[in-house]
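Colleague: Please show the sequence and the structure, and then let us discuss the fold.

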Amino acid sequence: RSACGRRRGGLAWVSGEPELRLLLGLLAEAAAGPAPSLFWVGLKRNASTCTDAGQPLRGFSWDGAGGGVAPREVPVALGRWVKEPLRSCLTARCAGLHLAAAAAPGSGPTWGWKE
């Protein structure tokens, strides 16, 4: 959060599919290369929170900026993980948006959360 603030930016959260599509498009343009990229967009799990395989974000939540309140319910479509996070209740963890180039011409970038 402080790194974003130093650059006059702030963390945001993804609350639905339209926002996710917009974010994927912007990040794909910024990455502009064939190598996969990992972007941290404020997704974290506190040390006192356990991994929850039954939830789309697996117990992670959005570290919002400006005192905003992140949505508590997350659409299932946002629960795509490249690799399942480690099961833990003891350490704070971050998850990033893993973005890879499109598998086929004309298709969008492939994505998923990665701890």
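**Fold and core**

Modeller: Along the sequence, the protein follows the pattern α-α-β-β-β-β, with helices (H or I, at least four residues) and strands (E, at least two) taken as DSSP runs numbered from the N terminus. This is a predicted model, in which local features need pLDDT of at least 70, side-chain atom pairs count only at pLDDT 80 or more, and totals for chains, interfaces and linings use all residues. Residues are numbered from 1 along each chain as its sequence is written, and side-chain values use heavy atoms, leaving out hydrogens and water.

Colleague: Which strands stand at the edges of the sheet?

Modeller: The open sheet has the order E2-E1-E3-E4 with antiparallel pairing, where two strands pair if DSSP finds at least two bridges between them. Each edge strand has a single partner, so one side of each is left without a neighbour in the sheet. The edge strands are E2 (61–62) and E4 (110–114).

Colleague: Which residue in E4 stands opposite Gly-96?

Modeller: Strand E3 (residues 93–100) and E4 run antiparallel and are joined by 5 bridges. Opposite Gly-96 in E4 stands Lys-114.

Colleague: Which residues touch the most other members of the largest nonpolar core?

Modeller: A nonpolar core is a set of buried (under 20% relative accessible area, 1.4 Å probe, protein chains only) Ala, Val, Leu, Ile, Met, Phe, Trp, Tyr and Cys residues joined through side-chain atoms within 4.5 Å. The largest has 16 residues, and H2, E1, E3 and E4 each supply at least two of them. Those touching the most other members are Leu-43, Trp-62, Trp-111 and Trp-113.

Key
Buried means under 20% relative accessible area, exposed over 50%, partly exposed in between (1.4 Å probe, protein chains only).
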